[in-house]
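Reader: I would like to go through this model and ask what stands behind each label. Please show it to me before we start.

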Amino acid sequence: MFTSADQCLTSDMDPRVCRAAAEDAKQDRLLAAPRYRNMAACEMNYGPRNCLEHAGNTVPYNPDGKPVFIPKMAGFVLSSGIRNLDDYHAFRRKKEEEEGSSSSGSTVYRNTLGQTVTPVAEKRGGEKGTAAQGANDPKQFNAKTQAASRGGFGVRLFSGG
């Protein structure tokens, strides 16, 4: 997990992959982040000063166009198995096919307990997105988790660490 594009750039990752992943995470945030109708509800789950208001017309899948409150991004996940931009794009395509969405779920947030979490987006009306009500239960993300791939993309083994 990287907290910024700069942190990724100082790692052994391909700089082009770092920039693409950071930008995709920012976009994914608008697609899949938990949405709330007011700041208090958002901050109850993500802590004081950890949420931002977004104009309704700037957030995808927001049919009523009202402003929504979304937690700030704490970072993004990038597999160490991705070696170049082609690997990254192949990984994104595979995730999109599996999830039926343009969001890869790579964005990570920090809840009020300081735990890193990823949103659990639901399909609504044939489109993937999250509701502006705070009813989404984020799943805890273990940044120490290690992934190993066997047989190419789509076959993964996860172990906690």
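Author: What follows is a set of short questions and answers about the labels used for this structure.

Author: One point comes before the rest: this is a predicted model.

Reader: How is the protein chain built, element by element?

Author: The protein chain has 4 helices and 10 strands. From the N terminus on, the order is α-α-α-β-β-β-α-β-β-β-β-β-β-β. Of its 161 residues, 35% count as buried. The accessible surface comes to about 9100 Å², and carbon and sulfur atoms own 50% of that.

Reader: How many disulfides does the structure hold?

Author: It holds 2. In sequence order of the bonded cysteines, the pairing is 1-2, 3-4.

Reader: How do you know that Cys8 and Cys18 are joined by a disulfide?

Author: The cut-off is two cysteine sulfur atoms within 2.5 Å. For Cys8 and Cys18 the S to S distance is 2.0 Å. That value is within the cut-off, so the pair is a disulfide.

Reader: Why is the disulfide of Cys8 and Cys18 called left-handed?

Author: The torsion about its S-S bond is about -75°, so it is left-handed. The bond links helix H1, which holds Cys8, to helix H2, which holds Cys18, and the two cysteines are 10 residues apart.

Reader: What makes Cys8 and Cys18 buried?

Author: Buried means under 20% relative accessible area. Cys8 has 0% relative accessibility, so Cys8 counts as buried. Cys18 is also at 0%, so Cys18 is buried too.

Reader: What is the torsion in the disulfide of Cys42 and Cys51?

Author: About -90°, so this disulfide is left-handed. Its S to S distance is 2.0 Å. Both Cys42 and Cys51 are buried.

Reader: Now the rings. Why is the pair of Phe2 and Phe76 called tilted?

Author: Ring centres within 6.5 Å make a pair, and these centres are 5.9 Å apart. Planes under 30 degrees apart would be stacked, and over 60 edge-to-face. The planes of Phe2 and Phe76 stand at 40°, which falls in neither class, so the pair is tilted.

Reader: Which parts of the chain does that pair link?

Author: Distant ones. Phe2 is in the segment before helix H1, and Phe76 is in strand S3, 74 residues apart.

Reader: Are Phe2 and Phe76 buried or exposed?

Author: Phe2 has 12% relative accessibility, which is under 20%, so Phe2 counts as buried. Phe76 has 1%, so Phe76 counts as buried as well.

Reader: What makes the pair of Tyr46 and Tyr109 edge-to-face?

Author: The angle between the planes is 70°, and over 60 counts as edge-to-face, so the label follows. The centres are 6.3 Å apart, within the 6.5 Å limit. Tyr46 lies in helix H3 and Tyr109 in strand S4, 63 residues apart. Both are buried. With Tyr36, they form one aromatic cluster.

Reader: Why is Arg37 called partly exposed?

Author: Partly exposed lies between the 20% and 50% limits. Arg37 has 38% relative accessibility, so Arg37 counts as partly exposed. Arg37 sits in the loop between helices H2 and H3.

Reader: How do you know that Arg37 and Asp64 make a polar contact?

Author: Their side chains are joined at 2.6 Å. The limit for the N or O atoms is within 3.5 Å, so the distance fits. Arg37 and Phe69 are 32 residues apart in sequence, but 6.2 Å apart in space, C-alpha to C-alpha.

How values were computed. Residues numbered from 1 in each chain as written. Predicted model: local features only at pLDDT ≥ 70, side-chain atom pairs only at ≥ 80, totals over all residues. Heavy atoms only, no water. Phe/Tyr/Trp six-rings, centres within 6.5 Å; stacked < 30°, edge-to-face > 60°. Buried < 20%, exposed > 50% of the residue type's maximum accessible area, 1.4 Å probe, protein only. Polar contact = N/O pair within 3.5 Å; in protein donor to acceptor, adjacent residues only side chain to side chain. Areas by Shrake-Rupley, 256 points an atom, 1.4 Å probe, with all protein chains shown as cover.
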